[in-house]
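Subject: Structure for you to look at

Hello,

Here is the structure I promised to pass on. Please open it alongside this message, and my notes follow below.

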Protein chains: 2
Amino acid sequence: MIIPIMEVKERILADNDKKAAETRRVLKENGVVLVNLMGSPGAGKTASLLRLIYLLKDELRIGVMEADVDSDVDAKAVAEAGAKVIQLHTGGLCHMDADMTAQGLEGLGLDGLDLVFLENIGNLVCPAEFDVGADLRIMILSVPEGDDKPLKYPLMFSVSDVMLVNKIDAAPVFDFSFDKASGRALALNPGLQIYPVSARTGEGFDPIANLIRQLCRERRPKL
Amino acid sequence: MIIPIMEVKERILADNDKKAAETRRVLKENGVVLVNLMGSPGAGKTASLLRLIYLLKDELRIGVMEADVDSDVDAKAVAEAGAKVIQLHTGGLCHMDADMTAQGLEGLGLDGLDLVFLENIGNLVCPAEFDVGADLRIMILSVPEGDDKPLKYPLMFSVSDVMLVNKIDAAPVFDFSFDKASGRALALNPGLQIYPVSARTGEGFDPIANLIRQLCRERRPKL
C-alpha cells in the first residue's frame, strides 16, 4: 500500500529534542518501534531496507516513510515488498527533523503497525544532527565510499547505534579495509554495532533483523 | 603548501547571489578561474581533483580550498600533488555558500594563482542550492551510487555544467547504465557535459582538463 505523496514542512522549533522525546512517548504508547536509516546517496539504504522487510514481514507489520528531496522512485518497490509506505517530500531540505518525522508518522498512521522505518535523505551530514525520536539509528557506509569516511563525517558515526558496511562483496574491487573503517568508527563511538552486509546478495542481514525483532518484542511482548 | 585550518562562519546574507556575483567580479579582476567540485561522500572528489592537478600543474598555478565539516585528511595529499591548499571547516554545515567561499578565497589569497578548485562538502543536496561564484560547476556521480540519482537529487544535476561519471572501471560489478544516468541527467539539464572517468586509473580526464585550460586562457590571455 502506498499513501500519496506528503509534503512535510519544516517549522523552526525551539527544541527539536523535546519533539523527539514526545515522538518516543507516542511510539511507546502505540507499541511501535521506529528505525532511522541513514547514509550517503547510493549507499544502499533502499536495498538494505528491502532485505530487512523480507526477513521481518512475516512476523511484524511494517510501515515505511520514504523521505526524499523530490521524487518517489523507491516507494513502489518498498510497497511491493510488503510494507505500508508513505512518500515524504522535504521540499529541498537535506534532512528530516523531529517535527517533520512526527508529521510523517501521523500521515502513515501507527495503528496496525509494529515497526516503522524512516529512510532518511541520502546525506552523511545533516540527518546526523537531528534526533527524530527513533529507537534505533542505523547508518550505512558502502565499500566504494572509502574507509576514511568516519574521519570526514564523524557526527554520523557518533550518533548511530548500528553501522552496516554495505557492498562488502565489492571489497576486492576497491581499496577498502573493513578493519580500518571499523576502527575509525569505534574510536568515535565505542558502542557502535558493526555488520558487513551485501544488499545485492542478501549476505549478513540476519543479526540486524534479530536486533530489530528483539526491540519490537520488548515493546510489544505479545509478538 | 598548506595554509592552517580556517573556520569559515555562516553569516545569513540577504542575497547569496549578490555575494556570488561580487566573487565573480573579484576573480575576473585577478585573472583567476574558480571551479566548484561537488558530489556525494566517496564519489571521488579528491581523487578526481588530484588527477586534474596532475594534468594542469605544469601550465597553471593552482589553489585548492578543501571544505570539510570537520577534518583535514585530504589537504596533505592535495598539497603534495602541487597545489596551494587551504583547509576550510564549516563547523557542521553541509554546504559552502558564497560568503564562506569568499572568506576561503581571502584566506587562500588569489595573488599568484590562475585556477582555484573548491572541493565542496560531500553532499548531493545542500551544495547545489548555493551559487558560490564559480565559473564552472563540476559534479561527480560515481557508478556504485546508481544510475537513478538524477531522479532523486535533481537540483544538483540541474545546476552543474559538467558531470563526471566516476569509477567507470567498476561498471561491470554494478548494475549501472551510463546511458540511463546520462539520459536522466540530460532530461534535467540539456546543456550538461558528461564524461565517463576513472580517478583510480586516470582514464577520461583529458577533455575536462582541456575545458578548464580553455577557461583559464580566456580569462588570462597571456597563459
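Here is what I found, beginning with conventions and then moving on to helices, a loop residue and the chain contact.

This is a predicted model, in which local features need pLDDT of at least 70 and side-chain atom pairs count only at pLDDT 80 or more, while totals for chains, interfaces and linings use all residues. Residues are numbered from 1 along each chain as its sequence is written, and chains are lettered from A and ligands numbered from 1 in the order in which they are written.

Let me start with the helices of chain A (helices are DSSP runs of H or I with at least four residues, strands are runs of E with at least two, and both are numbered from the N terminus). Helix α1 (residues 16–29) packs against helix α4 (residues 98–108) at about 30 degrees, their axes 8 Å apart. Axes here are lines fitted to C-alpha atoms, for helices over the stretch in contact, with angles from 0 to 180 degrees between N-to-C directions. The two helices are therefore roughly parallel (under 35 degrees; over 145 is roughly antiparallel, 65 to 115 roughly perpendicular and the rest oblique). On the α1(A) side the contact uses A:Asn16, A:Lys19, A:Ala20 and A:Thr23, and α4(A) adds A:Ala98, A:Asp99, A:Thr101, A:Ala102 and A:Leu105. Contact means C-beta atoms, placed from the backbone, within 7 Å.

Helix α2 (residues 45–56) and helix α8 (residues 206–219) of chain A cross at roughly 60 degrees, with axes that come within 10 Å, which makes α2(A) oblique to α8(A). Here A:Leu52, A:Leu55 and A:Leu56 meet A:Ile208, A:Ala209, A:Ile212 and A:Arg213. This contact has six nonpolar residues, no polar ones and one charged (Ala, Val, Leu, Ile, Met, Phe, Trp, Tyr, Cys and Pro count as nonpolar, Asp, Glu, Lys and Arg as charged, the others, Gly among them, as polar).

Do look at A:Lys167, in the loop between β7 (162–166) and α7 (178–188) of chain A. Its phi is near 65 degrees, a positive value in a residue other than glycine. Most residues other than glycine have a negative phi. A:Lys167 is buried, with 29 other C-beta atoms within 10 Å (20 or more is buried, 12 or fewer exposed, in between partly exposed, with C-beta atoms placed from the backbone). In chain B, B:Lys167 also has phi near 65 degrees, and B:Lys167 counts as buried with 28 C-beta neighbours inside 10 Å.

Finally, the contact between the chains takes 30 residues from chain B and 30 residues from chain A. Helix α5 (residues 149–152) of chain B gives the most to the chain B side, with three residues. That side divides into 14 nonpolar, eight polar and eight charged residues.

Best wishes

Technical notes: Contact = placed C-beta atoms within 7 Å.
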